[in-house]
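User: I have a structure open on my screen and would like to understand the labels that go with it. Could you take me through the reasoning behind them?

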Amino acid sequence: NMSVLDLLFEASKGKAVKTVLDPSLKGKCFTFYGRSDTGKTSQLSKLPNPVLIPLERGDSALSNVLKLPTRSWSDIESHLNLLKSKQWTKILNDTDEPICVIIDGAEKLTRMAERRVCSDAGVKEIAQAGSRGAGYKKLENLVNDFIKDLLALDYTVIFIAHPFMDEDGYVDIKGDRKRGIDAIIENSDVVCYLEPRPLDVETGRPGLSKAHFFAGEDFFARSRYIDMIPSLDVFTAEGFTQAVYDGVVAEAKRQGADLVDPRKRLAVKQEQQGGFELSFNDCKEQVLDMMDELDDSERGDEVDDILLRHFASPDEFNNIKESQFETLQSIYHALKDKLED
């Protein structure tokens with residue numbers, strides 16, 4: 001006997017997908033924050049295939065890391081174009097290994113975006129960059145769009161940030177919450193607080209830190225995987241990878257969900273994310289074919305009804321531009337539904 005959920009899935013005509021979980025690091029987003037002596041950068045650069053985007057100094061002691069030097073928002077845009085390039089995405093999609101893009105000094109994203117907005121407007125202060133907070137809105141859009149574009153790819157994205165302590169002793173992530181940090185937190189599968197350790201008496205160097213994956217009384221942290229271990233003592237790249245793997249496997253078991261076959265994960269991710277695969281021109285061609293099919297069935301008035309949801313008159317469709325691709329997609333789905341009814 002099929003369950004109700006199975007029946008709904010069958011009747012969704014391919015629009016619904018069954019959730020599956022991926023225990024690898026690939027395609028996930030993590031944020032780590034802690035003091036400068038907690039081993040954030042040194043441990044995370046030991047993850048597979050690290051590509052470092054340093055927004056601050058302090059990476060000179062790292063070895064076997066690809067570094068993309070960054071001094072301005074233009075550099076950040078240039079790095080994003082490289083990460084999106086056909087050559088890099090082909091390598092990314094052809095390997096089962098994670099490629100870890102590490103953004104060190106995440107709170108500096110907002111500062112760099114602010115300098116760009118001021119430069120564009122030819123002003124010294126962002127408050128002068130347009131009326132009614134227009135400059136702040138542009139800044140917010142720059143940061144949010146960068147994060148969204150980066151996470152749309154299949155890299156493992158890691159943000160490294162610093163802590164601050166409020167007057168009550170509560171430790172949280174430093175930076176502009178509204179214009180950057182909130183977007184990073186919301187998109188992170190795990191936000192990890194690295195608790196510093198006292199100096200090692202013998203070596204005089206800081207001890208390895210303890211990683212917390214869920215909030216405590218006096219610090220912020222969180223994980224999407226509720227069955228993940230609460231903390232990792234001591235914090236290492238290898239230990240973190242295992243903690244994520246075990247957390248996702250436990251989550252899948254609890255939900256009764258399947259785990260992704262690593263060789264099929266890209267196809268599964270694209271299916272899970274949905275999205276529209278046709279180009280503008282191919283989509284327009286298929287829309288015109290579907291309109292003809294409905295016209296031939298004497299259902300032209302249904303076509304007009306769909307077009308009138310988007311245009312003042314049906315004839316305006318003939319002048320649809322690529323900037324209206326979302327409108328075209330909406331018309332495509334509506335026509336498809338009519339033909340399937």
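**Strands, cores and contacts**

Analyst: Happy to. Strand β2 (residues 29–34) runs parallel to β6, and five bridges join the two. Please keep in mind that this is a predicted model.

User: What makes β2 and β6 a pair?

Analyst: Two strands pair if at least two bridges are found between them. Five bridges join β2 to β6, so the pairing rule is met. One of the contacts is easy to find on screen: Cys 29 has Val 157 in β6 as its bridge partner.

User: Which strand pairs with β6 (residues 156–161) over five bridges in the parallel sense?

Analyst: That is β5. Asp 104 has Ile 160 in β6 as its bridge partner, and Ile 102 stands opposite Ile 158 in β6. Strand β3 (residues 50–54) is also joined to β5 by five bridges, again running parallel. There, Leu 52 has Ile 102 of β5 as its bridge partner.

User: Why is strand β5 (residues 100–104) described as largely enclosed?

Analyst: Five of its five residues are buried, so β5 is largely enclosed by the rest of the structure. You can check each face in turn. Cys 100, Ile 102 and Asp 104 point one way, Val 101 and Ile 103 point the other way, and all are buried. That arrangement goes with a general pattern: in a regular strand, side chains alternate between the two faces of the sheet.

User: How do you know that both faces of β6 are covered?

Analyst: Thr 156, Ile 158 and Ile 160 lie on one side, with Val 157, Phe 159 and Ala 161 on the other, and all of them are buried. With six of its six residues buried, β6 is mostly covered.

User: Which residues have the most contacts inside the largest nonpolar core?

Analyst: They are Tyr 33, Phe 146, Tyr 155 and Phe 159, in a core of 45 residues. Helix α6 (residues 134–151) gives the most to this core, with six residues. A second, separate core has 27 residues, including Leu 21, Cys 192, Val 248 and Ala 257. In general, nonpolar side chains in soluble globular proteins tend to be buried together.

User: Why is the contact between Glu 114 and Arg 111 called a salt bridge?

Analyst: The side chains meet at 3.4 Å, N to O. The cut-off is 4 Å, so the contact counts. Glu 114 and Arg 111 are three residues apart in helix α5 (residues 108–121), which separates them by about one helical turn.

User: What makes Glu 114 partly exposed?

Analyst: Its relative accessibility is 23%. Buried would need a value under 20% and exposed one over 50%, so Glu 114 falls in between. Arg 111, at 43%, counts as partly exposed by that reasoning too.

User: How do you know that Arg 224 and Asp 189 link distant parts of the chain?

Analyst: The two side chains form a salt bridge at 3.0 Å, N to O. Arg 224 sits in the loop between β11 (222–223) and β12 (231–232), while Asp 189 sits in the loop between α7 (177–187) and β9 (190–195), and the two are 35 residues apart. Arg 224 counts as partly exposed at 41%, whereas Asp 189 counts as buried at 14%.

User: How many salt bridges are there by this rule?

Analyst: The count comes to 14. Another one joins Lys 338 and Glu 302 at 3.9 Å, N to O. Since the cut-off is 4 Å, that contact still counts. There is also a network of salt bridges that links Asp 172, Arg 177 and Asp 182.

User: Why is the pair of Phe 30 and Phe 240 called edge-to-face?

Analyst: The angle between the planes is 90° and the centres are 4.9 Å apart. Rings pair if their centres lie within 6.5 Å, and planes over 60 degrees apart count as edge-to-face, so both conditions are met. Phe 30 lies in strand β2 and Phe 240 in helix α8 (residues 237–255), so the pair ties together parts that are 210 residues apart in sequence. Phe 30 is buried at 0%, and Phe 240 counts as buried at 1%. Both belong to one aromatic cluster with Phe 32, Phe 213 and Phe 235.

Definitions and conventions: Residues numbered from 1 in each chain as written. Predicted model: local features only at pLDDT ≥ 70, side-chain atom pairs only at ≥ 80, totals over all residues. Heavy atoms only, no water. Core = buried A, V, L, I, M, F, W, Y, C linked by side-chain atoms within 4.5 Å. Buried < 20%, exposed > 50% of the residue type's maximum accessible area, 1.4 Å probe, protein only. Helix = DSSP H or I, 4+ residues; strand = E, 2+ residues; numbered from the N terminus. Phe/Tyr/Trp six-rings, centres within 6.5 Å; stacked < 30°, edge-to-face > 60°.
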